[in-house]
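Please load the model into your viewer and keep the selection panel at hand. The stops below say what to select and what is to be found there.

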Amino acid sequence: MALSMLSSSMAFQSATAMQSATAVRAPAAAMFGKSDLEALAKEQNPVLGYYDPIGLADIDLWGQGEEASIAWLRHAEIKHGRIAMAGFVGYMAAANYETIGAPMAASMYPALPSGLSAPEVWDAIPFLAKLQIIGAIGVFEHISEDKNFLAADGMTHYMRGGKPGYMPTFSANVHPVPLNLWDPFGFTKGLSAEQKAKKLNAEVNNGRLAMIGLFGFISAGSVPGSVPALDGIIPAYSGDVMAPFLPTGTMESIWTLGKVW
């Protein structure tokens with residue numbers, strides 16, 4: 001599916017022309033300033049409220065203005081929170097790959113050895129598998145930023161008055177895709193704007209907690225004793241968590257196609 005969407009993004013120009021007559025007009029831009037950010041912060045966390053000790057909201061990123069810069073920061077936080085939530089669950093699944101992920105681990109080629117920690121599981125998977133994972137993420141990242149995919153949903157880019165955190169549907173894809181990445185079964189379609197805003201605030205708070213939790217796992221493995229609550233739970237890891245291709249990983253899968261002959 002990732003390769004299909006990758007090829008579709010490269011061949012999108014033809015699809016844009018076909019859809020131009022039926023595309024939904026994007027709504028008028030509604031910019032979001034610092035005062036709005038301060039009010040939103042109180043909604044998300046009434047106890048802490050607005051907290052920006054280094055003044056990120058006052059920075060004019062790339063000369064785009066205050067509203068666009070704040071939109072970029074909001075989108076980045078939402079996206080990082082989502083990644084952290086997935087990473088938090090993924091870390092626990094990888095750490096228990098011999099129990100929770102036993103069916104998958106048994107079918108992997110080459111098979112994973114026993115007794116690995118979560119980061120060591122990543123180190124052990126084949127190099128091409130790592131490229132597939134990162135490549136798929138890159139495809140989704142492109143779609144989330146592409147103005148054509150946004151326009152097909154009647155949306156604009158978040159730095160131009162659109163919704164931070166919005167993930168477009170795949171309706172602009174030149175190849176049919178059965179499910180969307182976000183809400184594939186349409187559970188949120190019937191929610192009101194107020195309900196969606198409340199759920200987004202909860203998602204942001206959960207994402208913040210997940211970022212802290214994931215870094216707690218990583219810190220406990222990289223610097224034993226740095227997170228006392230995790231002592232004896234997270235095994236020590238001697239590798240470099242900031243170097244995803246060090247070690248590169250096994251290379252056997254490069255020759256998989258040759259083995260069918």
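The tour goes from the whole chain to salt bridges, a buried site, surface patches and backbone details.

**Before selecting anything**

This is a predicted model, in which local features need pLDDT of at least 70 and side-chain atom pairs count only at pLDDT 80 or more, whereas totals for chains, interfaces and linings use all residues. Residues are numbered from 1 along each chain as its sequence is written, and side-chain values use heavy atoms, with hydrogens and water left out.

**The whole chain**

Begin with a cartoon of the protein chain, which has nine helices and zero strands; helices (H or I, at least four residues) and strands (E, at least two) are DSSP runs numbered from the N terminus. Read from the N terminus, the order of elements is therefore α-α-α-α-α-α-α-α-α.

Colouring by accessibility comes next: of the 261 residues, 31% are buried, where buried means under 20% relative accessible area, exposed over 50%, and partly exposed in between (1.4 Å probe, protein chains only). The accessible surface of the chain comes to about 16100 Å², and 67% of it belongs to carbon and sulfur atoms; these areas come from the Shrake-Rupley method with a 1.4 Å probe, and for residues only the protein chains shown count as cover.

If you compute a contact map (heavy atoms within 4.5 Å), look at the pairs with a separation of 6 or more, since 62% of these contacts are between residues 24 or more positions apart.

**Salt bridges on helix H4**

Four salt bridges are counted, each defined as a side-chain nitrogen of Lys or Arg within 4 Å of a carboxyl oxygen of Asp or Glu. Select Glu 77 and Arg 208, which form one of them with their closest N and O atoms 2.5 Å apart. Glu 77 lies in helix H4 and Arg 208 in helix H9 (residues 193-222), so this pair ties together parts that are 131 residues apart in sequence. Glu 77 is partly exposed at a relative accessible area of 28%, and Arg 208 is likewise partly exposed at 28%.

Now select Lys 79 and Glu 141, whose side chains meet in a salt bridge at 2.8 Å, N to O. Because Lys 79 lies in helix H4 and Glu 141 in helix H7, the pair ties together parts 62 residues apart in sequence. Lys 79 is partly exposed, with a relative accessible area of 22%, and Glu 141 is partly exposed with 32%.

Then add Arg 82 and Glu 203, where the salt bridge has an N to O distance of 2.6 Å. This pair links distant parts of the chain, Arg 82 in helix H4 and Glu 203 in helix H9, 121 residues apart.

**A buried residue in helix H4**

Which residues does Ile 78 touch, not counting those up to four places away in sequence? Select Ile 78 in helix H4, which counts as buried at 6% relative accessibility, and you will find Pro 164, Gly 165, Leu 200 and Val 204 touching Ile 78. A distance label between the C-alpha atoms of Ile 78 and Gly 207 should read 7.1 Å, although the two residues are 129 residues apart along the chain.

**Two surface patches**

Patches are made of residues with over 30% relative accessible area and no salt bridge, like charges being joined within 9 Å and nonpolar side chains (Val, Leu, Ile, Met, Phe, Trp, Tyr) within 5 Å. Show the surface and select Leu 128, Leu 131, Ile 133, Ile 134, Ile 137 and Phe 245, which make a nonpolar patch of about 480 Å². Among them, Ile 134 is in helix H7 (residues 127-145) and is partly exposed at 38% relative accessibility.

Next select Asp 36, Asp 60, Glu 66 and Glu 67, which form a negative patch; Lys and Arg count as positive and Asp and Glu as negative, while His and the chain ends are not counted. The place of each charge is taken as NZ of Lys, CZ of Arg, CG of Asp or CD of Glu. Asp 60 is in the loop between helix H3 (34-44) and helix H4 (66-95), and its 45% relative accessibility makes Asp 60 partly exposed.

**Backbone details**

In the loop between H3 and H4, select Trp 62, a residue with a positive phi of about 55° although it is not a glycine; Trp 62 counts as exposed, at 58% relative accessibility. Asp 183, in the loop between helix H8 (147-152) and H9, also has a positive phi, near 50°, but Asp 183 is buried, with a relative accessible area of 15%.

The last stop is Pro 247, in the segment after H9, where the peptide bond from Leu 246 to Pro 247 is cis, with omega near 5°.
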